[in-house]
Amino acid sequence: MNRLRIGFVGAGAISLRLMPHFQIADTAERALVTAVCDPVIERAEAAADKFGAPGARAYASLTEMLASDDVDAVSIGSPIGLHYAHALEAVKAGKHVHVNKTMTVTKAEADILIAAAKEYNVRIVASPGEMLRPHNRETKRLIESGAIGKVSWAACGAAFGNYHEDEPERQGSDPLNNVDPSWYFRVPGGGPLYDVTVYALHGLTGVLGPVKRVTALSGTLVPERLVNGKPLKVEAHDNTLMLLDFGGNTFAMAFGTAAGSLTPGVEFDFSARYYGTDGEIWGLTMNGEPYDYPGREIALTAPDKGTQSNFGGNEWILPHISPEHRDLSEHHVFEDLMQLVDWVLDGTPSPATAEHARHVIDVIECAYRAAETGMTQVVTTSF
Ligand SMILES: NC(=O)c1ccc[n+]([C@@H]2O[C@H](COP(=O)([O-])OP(=O)(O)OC[C@H]3O[C@@H](n4cnc5c(N)ncnc54)[C@H](O)[C@@H]3O)[C@@H](O)[C@H]2O)c1
């Protein structure tokens, strides 16, 4: 195999943003979009026509797509509550899997999926690969070298008002821009923890290591939202604050709220603030001064001058973002998918592992359980 044949599961917002990357020459040499499935078959067909390799096919279900001989791997971009079933079905069909965050909703599902991937000898890359980011790796190195002393606490998360309602893929009337975002507010899989705080938790645990205990408060602050002008009853919690214990009396706070913003410009506090006995690191600065990290000189040439830790120019320095990919979107998810391509074609393992994803899912599940029971939860997974 010298080119991986990829089938997209779900042709919604994320898949539609990823597929154009596969039309760029450096990617097309390595991987092809050969199939798309979506129960909205017009969407699957339109996406396969517009972004697929010549002859790419559309299917109304994953089962039909897997029954064909079109794909070696899948990229799962269906609603989060369906990820487990889709990933497991693909693994059992012998396909390699990239799965958007979060990989599953529960730790028990993640356990089964990881065991199945081993049994069927297929690779799983689980987004978000936050430790692929050079500044996160440098933060880890600085903290381990004692640059800010002993870490006492950290804070990270995501907080905003409106949510996926406003994305361009949801505002129109044709199949590629009338995608319904209601699932983001339903259970299982809805709510900001699984969708956005997950980035912060991957970075935080990538830097500090596994969480040992979790406690939290959580609930639904806004019980009804307007989605495309229609009222939608919100089932998922939209407001969660959790406290994490890393052992040795190092603690962190992680938040996920779709019911109130942070200061404009820092809605996504994915790169934590780390406070130590001898200093602090916040995003791209240490003690208020920018610190250096590999690729920073390129990030500084971007329109945002590399000022945003997780977006803007810092997307440009992910390993597979050649200049031709810079004007496209969702660089980090494309990067994760290319991690799978490299793993399958070259045998290069990715740090965006299913085991790391399982740990973060365990933390999220523990947070909800802690909020429900009022009891601090012990996290049993590691990575
Ligand atoms: N939207 C974003 O900004 C964004 C960014 C990064 C990652 N993600 C992640 O990508 C994933 C998908 O999010 P999205 O915003 O693209 O969702 P979306 O609602 O835009 O699209 C989901 C698509 O899945 C389809 N679908 C529903 N049931 C299906 C089934 N049984 N089989 C196949 N397809 C099915 C829907 O018809 C829809 O086209 C989530 O994990 C999300 O967290 C989203």
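This tour visits the ligand and its surroundings first, and then three points along the backbone. The model on display is predicted.

**The ligand and its pocket**

Begin by selecting the ligand. The space it takes is the largest pocket. Three helices give two or more residues to the shell around the ligand, namely α1 (13-18), α5 (83-92) and α8 (192-208). Colouring these three helices will make the next stops easier to follow.

Keep α1 selected for a moment. With 3 residues, α1 gives the most to the shell around the ligand.

**The two domains**

Next, colour the chain by domain. Domain 1 covers 4-126 + 338-351, and domain 2 covers 131-317 + 361-378. Each of these two domains supplies at least three residues to the shell around the ligand.

**The residues of the shell**

Now display the side chains around the ligand. There are 30 residues around the ligand, and those that come nearest are I14, D38, K101, W183 and Y184. Colour the shell by residue class: 13 of its residues are nonpolar, 8 are polar and 9 are charged.

**Contacts with the ligand oxygens**

Three distances deserve a closer look. Select Y184, where an N or O atom in the side chain lies 2.6 Å from an oxygen atom of the ligand. Move to R17, whose side chain places an N or O atom 3.0 Å from an oxygen atom of the ligand. Then select K101 and show its backbone, since here it is a backbone N or O atom that lies 2.7 Å from an oxygen atom of the ligand. How much of the ligand does the protein bury? The ligand taken alone exposes 820 Å², and the protein buries 89% of that.

**From K101 along the chain**

Stay at K101 and extend the selection to T102. The peptide bond from K101 to T102 is cis, with omega near -15°. T102 itself is found in the loop between β5 (96-99) and α6 (107-119).

Follow the chain through α6 to N121, which is found in the loop between α6 and β6. What is notable about phi of N121? Its value is near 55°, which is positive in a residue other than glycine.

Finally, select S127 and P128. The peptide bond that joins S127 to P128 is cis, and its omega is near 0°. P128 lies in the loop that runs between β6 (124-126) and α7 (134-144).

**Returning to the start**

To close, show the ligand again together with K101. This residue is among those that come nearest to the ligand, and the peptide bond from K101 to T102 is cis.

Note on methods. Residues are numbered from 1 along each chain as its sequence is written. This is a predicted model: local features need pLDDT of at least 70, side-chain atom pairs count only at pLDDT 80 or more; totals for chains, interfaces and linings use all residues. Side-chain values use heavy atoms; hydrogens and water are left out. A residue is near a molecule or strand if one of its heavy atoms lies within 4 Å of it. A polar contact is a pair of N or O atoms within 3.5 Å; within protein, one must be able to donate a hydrogen and the other to accept it, and residues adjacent in sequence count only if both atoms are side-chain atoms. Accessible areas come from the Shrake-Rupley method with a 1.4 Å probe; for residues, only the protein chains shown count as cover. On a 1 Å grid over the protein atoms alone, a cavity is a set of points where a 1.4 Å probe fits but cannot get out, and a pocket is an open set with protein on both sides within 12 Å along at least five of seven lines; lining residues have an atom within 4 Å of a point. A molecule sits in a cavity or pocket if more than half of its atoms lie within 2 Å of its grid points. Helices (H or I, at least four residues) and strands (E, at least two) are DSSP runs, numbered from the N terminus. Ala, Val, Leu, Ile, Met, Phe, Trp, Tyr, Cys and Pro count as nonpolar, Asp, Glu, Lys and Arg as charged, and the others, Gly among them, as polar. Domain bounds come from an automatic or database domain assignment.
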